[in-house]
Amino acid sequence: SIDIRNNDFRSIDLTANGTTRCNVNQLKNVTELSLGGNYYLNSGTFSIAAGNNVIRSISVNSTNLPFPTGTEGKQTLETFQGSYARNLGKLVDLEGGNSISYRFDNCGSLKNLYLYAANGISQSRFPVFTNPSLDYLDVRYTNIKGGSPNGNERNVIPRATFQSTPNLRYILIDSGSLLTSPIHPDAFVDVSALYYFWYRSYGRTGGPLPSFSANPNLRYIWAHHNAFTGSPPNLSSNPSIYYVRLSNNNLNGAIPAYKNKASLHYLYLQDNQLTSISKFENLPNLRYFYAHNNSISGEIPDFSECPRLYYLILFNNNFTNYKSGSFKELYNIRYIDLSNNDLSSQAYTQLLDDLYENWKSVNRGGVTINLRGCGNPNKEAQDFITILRSKGWNITITSN
């Protein structure tokens, strides 16, 4: 193995003859090639020797090196580390007409492709990943563009992109250059091992979210700040889901009736165009639910089947009514923000009555309730507020 990380090497000696003197391009028996951390290292010629059939890992992170040539078909290659590299080039080369070359084509053992903050892959399209062992793909904070390798831009992630990667667990994509066209609805149906999905286009990629019905191991959906439309996914095929962040999109319609999700802890749906919310059932570990800055109207639903709810944020919606009993048994609640909803006087009073009963059942202070902009409390509601404030609750209303 060769490990010259974190020095100040700046070039590859191209005068070596490959016999008495070898450079890194000529090593046929090297298994691990670690060149990262040589910030100014640059070369117009960087390759893996044609006769090298044992290479396992290549690291060029934080260098100015390009993708090496000669990696295609290397069946032993397991890891490529190119994070923070500045001059890698594109993942897919279009060479003379319709000739398409993916840098790691048919690398059957490739597990890890780390390209975090690799500026050099700007405007690259997605290849068809022909790597059945691929486990971790990270192209966050790049300027990758997406689309098919042949130039078709109908889908930012085409159907074929991950068709041959059943073992891929981490798909992490983050770029301000991603196409505005949608992800193909079946882009992940062959990725049965998918565990973590991160996708951010900074408000660009639109259309409906892709299907996650074939991803039973999915635990994280982090798809914040896009332009996705349609309803949020119902997660019925994702029993292990733990964290969902779909904030800052254009999602509309109803929040589904999430039920029987024992692993779900975090659900962030704020800053969308959602108009209604269904009852949640058997969510024993839901801790954070954010749905503020939407257009949700009607009744604040029953959250009694979310017994561990800690933060409930619903401000800037159009709620008018309150489901009696919704907050009564939320004994772990620490923060409820309902500000700027047009609650009826009856809803206002019933809500505070339930919170008072909540406190009587589990006597504790340190709970914050924001009702600013929800109207003025009547005498009965004001009495509940006075009592709860005396017990250490922080309750904000329009008129104090």
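# A first look at a strand-rich chain and its charged pairs

Let's start with one pair of residues: the side chains of Asp-383 and Lys-379 form a salt bridge, with 3.0 Å from N to O. The two residues sit four places apart in helix H2 (residues 379-390), so about one helical turn separates them. Keep in mind as you explore that this is a predicted model. The chain has two helices and 24 strands, and the points below take you from its overall form to a few single residues.

**The chain as a whole**

- The chain has 400 residues, and 52% of them count as buried.
- Its C-alpha trace spans about 95 × 40 × 30 Å along the principal axes.
- The radius of gyration is 27 Å, whereas a compact globule of 400 residues would have a value near 21 Å.
- Among contacts with a separation of 6 or more, 53% are between residues 24 or more positions apart.

**Salt bridges**

- Side chains of opposite charge can pair when their charged atoms come close.
- How many salt bridges does the model have? The count comes to 14.
- In the opening pair, Lys-379 is exposed, at 61% relative accessible area, whereas Asp-383 is partly exposed at 35%.
- Helix H1 offers another example: Lys-360 and Glu-357 meet in a salt bridge at 3.2 Å, again taken from N to O.
- Lys-360 and Glu-357 are three residues apart in helix H1 (residues 345-361), so about one helical turn lies between them.
- Both residues of this H1 pair are partly exposed, with Lys-360 at 45% and Glu-357 at 24% relative accessible area.
- Another salt bridge joins the side chains of Lys-259 and Glu-281, with an N to O distance of 3.8 Å.
- Where do Lys-259 and Glu-281 lie? Lys-259 is in the loop between strand E15 (252-255) and strand E16 (266-268), and Glu-281 is in the loop between strand E17 (273-277) and strand E18 (288-290), so their pairing ties together parts 22 residues apart in sequence.
- Lys-259 has a relative accessible area of 38%, which makes it partly exposed, and Glu-281 is also partly exposed, at 29%.
- Salt bridges can also link up: Arg-125, Lys-145 and Glu-153 are joined in a network.

**The largest pocket**

- Rolling a probe the size of a water molecule over the atoms shows where empty space is left.
- The largest pocket holds about 160 Å³ of space.
- Which residues line the largest pocket? They are Ile-2, Ile-4, Phe-9, Ser-11, Ile-12, Asp-13, Asn-23, Val-24, Leu-35 and Leu-41.
- Sorted by class, this lining has seven nonpolar residues, two polar ones and one charged one.

**Tyr-199, a buried residue**

- Tyr-199 belongs to strand E10 (residues 196-200).
- Is Tyr-199 buried or exposed? Its relative accessibility is 0%, so Tyr-199 counts as buried.
- Setting aside neighbours within four places in sequence, the contacts of Tyr-199 include Val-156, Ile-157, Ile-173, Leu-178 and Ile-183.
- Further along the sequence, Tyr-199 also has contacts that include Trp-222, Ala-223, His-224, Asn-226 and Phe-228.
- Tyr-199 and Leu-264 are 65 residues apart along the chain, and their C-alpha atoms are separated by 20 Å.

**Two residues with positive phi**

- Most residues other than glycine have a negative phi.
- What is the phi of Tyr-84? Its phi is near 65°, a positive value in a residue other than glycine.
- Tyr-84 is found in the loop between strand E4 (79-81) and strand E5 (92-95).
- With 47% relative accessibility, Tyr-84 counts as partly exposed.
- Asn-106 also has a positive phi, near 60°.
- The loop that holds Asn-106 runs between strand E6 (99-102) and strand E7 (112-114).
- Asn-106 is partly exposed, at 43% relative accessible area.

Terms used. Residues numbered from 1 in each chain as written. Predicted model: local features only at pLDDT ≥ 70, side-chain atom pairs only at ≥ 80, totals over all residues. Heavy atoms only, no water. 1 Å grid on protein atoms, 1.4 Å probe; cavity = no way out; pocket = protein on both sides within 12 Å on 5 of 7 lines; lining within 4 Å. Points joined across faces, edges and corners; volume = space filled by probe spheres on them. Nonpolar A, V, L, I, M, F, W, Y, C, P; charged D, E, K, R; others polar. Salt bridge = Lys/Arg side-chain N within 4 Å of Asp/Glu carboxyl O. Buried < 20%, exposed > 50% of the residue type's maximum accessible area, 1.4 Å probe, protein only. Rg over C-alpha atoms; globule rule 2.2 N^0.38 Å. Contact = heavy atoms within 4.5 Å.
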